[in-house]
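Subject: Structure handover

Hello,

Here is the structure you asked for. Please open it alongside this note, which goes through what turned up.

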Amino acid sequence: MIDERTARRLARRHAAERRFKLYGMASVAVALAFLVALLVTIVGKGYTAFAQTEIAVEVSFDAGPVKEGDFAGLVKSALAARFPEVTARNDKRELFGLISSGADRVLRDMVQDDPGLVGQKRVVTLLASDDVDMVVKGHVTAQSGRLTAPQAEWLASLRQTGAVSLGFNTTFFTAGDSREPELAGVGGAVVGSLFAMVVTLCLAFPLGVSTAVYLEEFAPKNRWTELIEVNINNLAAVPSIVFGLLGLALFLNFLNMPRSAPLVGGLVLTLMSLPVIIIASRAALKAVPPSIREAARGLGASRLQVVTHHVLPLAMPGILTGTIIATAHAIGETAPLLMIGMVAFIVDIPAGFLDPATVLPVQVYLWADSPERAFVERTSAAIMILLAFLAVMNLLAIVLRKKFERRW
Amino acid sequence: MNVASKPAMGQATLEDRRSAKVSARDVDVFYGAKQALKSVSIDIRPNEVTALIGPSGCGKSTFLRCLNRMNDLIETCRVAGSIWLDGEDIYTSGLDPVLLRARVGMVFQKPNPFPKTIYDNVAYGPRIHGLARSRAELDEIVMTSLEKAGLIDEVKDRLQEQGTGLSGGQQQRLCIARAIAVSPEVILMDEPCSALDPIATAKVEELIDELRQRFTIVIVTHSMQQAARVSQRTGFFHLGELVECGETEQIFTNPRHKLTQGYITGRFG
Ligand SMILES: Nc1ncnc2c1ncn2[C@@H]1O[C@H](COP(=O)(O)OP(=O)(O)OP(=O)(O)O)[C@@H](O)[C@H]1O
Ligand SMILES: [Mg+2]
């Protein structure tokens with residue numbers, strides 16, 4: 001039978017185990033709580049950005065203005081027709097302020113699609129200005145917002161007739177940046193991020209993996225390789241802005257590459273993620289059991305054959321995971337890109353690697369700095385898209401790991 | 001000891017070397033500054049099983065690895081002396097280690113099949129050495145190798161399953177099949193049965209005896225009984241030296257050296 005001392009010690013050990021489990025669960029709970037708090041704030045602030053206020057007015061497509069391309073004039077006459085009592089110049093300007101300054105584009109597109117419209121009347125839903133948008137979404141009251149008293153009155157009258165509605169905000173996904181919040185979108189930034197990521201992946205993956213393979217499988221273990229190894233580990237810990245400065249000095253000032261280009265951004269991010277990829281790949285290569293290498297060498301495989309036939313395929317899940325996580329990290333990077341001019345205000349969606357562009361995190365940074373109330377929700381929405389981007393990449397890492405995972 | 005044994009070995013040298021498959025002369029091996037083998041000379045005859053025995057750490061594996069230059073992979077390792085395969089010095093004649101290892105195959109202590117299918121495990125060697133000109137020929141090589149390794153009945157319906165999914169004994173026989181698939185002339189086995197149960201061991205031993213018809217085999221073993229059962233000649237290593245080498249019968253019944261006698265009767269080791 002168990003004597004008393006053994007029993008007491010056993011009880012203490014079980015208690016210690018229970019305590020440890022409890023600590024673990026508590027820390028997981030705290031981490032989860034932070035995550036949920038983060039997501040709730042961002043989603044809570046940002047989800048309204050996916051809707052956009054529209055105002056339905058009857059537009060008459062008169063031949064005169066259409067011919068001159070004065071579609072803004074069409075918008076103005078439509079509003080004037082809706083509120084005939086507004087006559088004073090200043091009042092009229094305020095009235096036109098209800099509608100976004102970009103609303104005329106819709107009319108132009110309509111006429112281009114269907115020239116038969118000219119001379120006819122149509123009810124068209126036009127983009128409201130951001131001040132109206134904020135009031136309709138309830139972020140500000142009609143009095144506290146930037147609407148003037150008459151504007152608030154007109155809006156109320158429009159809402160009474162059911163002319164004001166919330167529609168899905170496609171502009172947010174397709175447009176580039178803009179000074180007008182209702183016309184601003186993340187399209188440009190997403191495309192810029194994608195271009196930069198393609199450059200990073202195409203350079204960092206092959207370079208990083210071949211470096212890791214060389215150091216791990218071929219290089220002699222001497223003072224030089226040790227020095228290189230220490231340096232790579234140190235590089236991984238260098239603050240990212242230093243890589244930005246390096247990029248500025250090397251790519252822009254010395255090699256005269258264009259400013260704000262995704263190519264340069266990708267190059268800087270490559271420099272930044274290379275050490276991480278090399279370290280992750282080396283760890284993955286190290287984890288391949290030496291007995292596999294011996295077996296292949298014993299059969300007469302050359303070093304390169306051992307690597308390409310056995311070691312690399314077995315290390316691939318780890319290498320891919322490391323690469324994707326490094327790239328995802330690079331995608332979320334802001335500081336080094338500020339250094340090479342990707343912080344510029346860019347309206348056009350980049351069409352190539354050399355076009356001026358911005359990236360998602362920089363877009364977030366820019367919008368977070370803008371005074372308009374409507375940019376607050378757009379900032380959160382852009383963060384949501386960035387997070388979704390990262391979540392997809394991490395998911396990809398998991399899927400790839402599962403797919404390539406093997407036992408030995 | 002050296003004084004007594006040298007003349008005997010020297011006499012054997014002339015006639016043995018002419019018929020030897022592999023012969024080693026004055027092989028010294030260093031790991032860094034540490035000497036692991038001291039002036040080892042031995043002749044390994046064709047179509048015989050030569051067993052290497054000796055206490056742990058005496059350099060049996062080290063010597064075995066010299067015979068197909070697997071020691072090249074260990075950075076600190078340095079080999080001096082000469083080893084001939086069919087009269088050709090494998091260290092200095094410019095023979096490519098890759099080709100050497102196709103002629104001198106190896107089976108390791110722990111079964112180490114590739115994490116690939118059973119078929120691909122066996123087909124790997126022939127593939128990299130270009131031994132098969134067609135798919136049918138490769139199939140043929142795989143099937144005969146598995147048959148020679150005594151594994152065919154157990155795996156013929158599951159050639160596309162993972163080699164790592166087999167039992168330990170089956171895995172070891174798969175490794176043997178993999179080694180003989182490249183038709184080596186010599187097969188080196190480093191304690192091939194140390195991870196196996198008695199039944200699997202018996203199967204592998206049976207296999208070794210059959211393989212002797214076609215190949216020259218050098219086997220390292222810790223089991224006296226195994227050495228006695230499978231080998232024709234036995235070499236006894238002690239502290240990096242080859243103390244005694246001769247007919248297995250003679251070594252086990254009438255060892256010339258006191259150390260050998262002590263080891264085989266279990267008084268030390
Ligand atoms: N890679 C290595 N680096 C340094 N020393 C080594 C290495 N491999 C073996 N040695 C040393 O060489 C000596 C002989 O080792 P070896 O592996 O040949 O012994 P062994 O006879 O095979 O022993 P065992 O029966 O235990 O396998 C040992 O003293 C060992 O410490
Ligand atoms: Mg050994």
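Start with L360(A). Leaving aside its neighbours within four places in sequence, its contacts are V186(A), A189(A), V190(A), S193(A), A382(A), I385(A), L386(A) and F389(A). L360(A) sits in helix α16 of chain A, residues 360-368. Its relative accessible area is 0%, so L360(A) counts as buried. G332(A) is 28 residues away from L360(A) along the chain, yet their C-alpha atoms are separated by 7.6 Å. Keep in mind throughout that this is a predicted model.

Two other residues of chain A belong next to that one.

T379(A) lies in helix α17 of chain A, which spans residues 374-404. T379(A) has 10% relative accessibility and is therefore classed as buried, the cut-off being under 20%. With neighbours up to four places away set aside, T379(A) is in contact with V364(A), W367(A) and A368(A).

A330(A) belongs to helix α14 of chain A, residues 303-331. A330(A) is buried too, at 2% relative accessible area. Beyond four places in sequence, A330(A) touches L269(A) and M272(A). There is also a long step in sequence here: A330(A) and G266(A) are 64 residues apart along the chain, but 8.9 Å apart in space, C-alpha to C-alpha.

Now the ligand. Which residues come nearest to ligand 1? There are 13 residues around it, and the nearest are K34(B), S56(B), S61(B), T62(B) and H222(B). By class, this shell holds four nonpolar, six polar and three charged residues.

Three polar pairs involve an oxygen atom of ligand 1:

- A polar backbone atom of G57(B), at 2.8 Å.
- A polar backbone atom of G59(B), at 3.0 Å.
- An N or O atom in the side chain of K60(B), at 2.7 Å.

How much of ligand 1 does the protein cover? On its own, ligand 1 has 630 Å² of accessible area, and the protein covers 65% of that. Two elements of chain B give two or more residues to the shell: β2 (34-44) and α2 (60-67). The largest share, three residues, comes from α2(B).

Next, the nonpolar cores. The largest has 43 residues. Those with the most contacts inside it are L146(B), I176(B), M189(B), I208(B), L211(B) and I217(B). Take I208(B) as one of them. Not counting neighbours within four places in sequence, I208(B) is in contact with V49(B), M189(B), I217(B), I219(B) and V230(B). A second, separate core has 34 residues. V59(A), V75(A), V86(A) and L117(A) are among them.

V49(B) comes up again with Q232(B). The backbone nitrogen of V49(B) lies 2.7 Å from a polar atom of the Q232(B) side chain. Where is Q232(B) found? It is in the loop between α9 (224-230) and β9 (233-238) of chain B. Leaving out residues up to four places away in sequence, Q232(B) touches E48(B), V49(B), R212(B), G246(B), E247(B) and T248(B). Q232(B) and E249(B) are 17 residues apart in sequence, and their C-alpha atoms are 7.6 Å apart in space.

Last, two backbone angles to look at in chain B.

D26(B) has a phi near 50°, a positive value in a residue other than glycine. D26(B) is in strand β1 of chain B, residues 22-31. Is D26(B) buried or partly exposed? Its relative accessible area is 41%, so D26(B) counts as partly exposed.

N47(B) is not a glycine either, and has a positive phi of about 55°. N47(B) is found in the loop between β2 and β3 (49-53) of chain B. With 33% relative accessibility, N47(B) is partly exposed.

To recap, L360(A) is buried at 0%, ligand 1 is covered to 65% of its accessible area by the protein, and the largest nonpolar core has 43 residues.

Best regards

Conventions
Residues numbered from 1 in each chain as written. Chains lettered and ligands numbered in written order. Predicted model: local features only at pLDDT ≥ 70, side-chain atom pairs only at ≥ 80, totals over all residues. Heavy atoms only, no water. Near = heavy atom within 4 Å. Polar contact = N/O pair within 3.5 Å; in protein donor to acceptor, adjacent residues only side chain to side chain. Areas by Shrake-Rupley, 256 points an atom, 1.4 Å probe, with all protein chains shown as cover. Helix = DSSP H or I, 4+ residues; strand = E, 2+ residues; numbered from the N terminus. Nonpolar A, V, L, I, M, F, W, Y, C, P; charged D, E, K, R; others polar. Core = buried A, V, L, I, M, F, W, Y, C linked by side-chain atoms within 4.5 Å. Buried < 20%, exposed > 50% of the residue type's maximum accessible area, 1.4 Å probe, protein only. Contact = heavy atoms within 4.5 Å.
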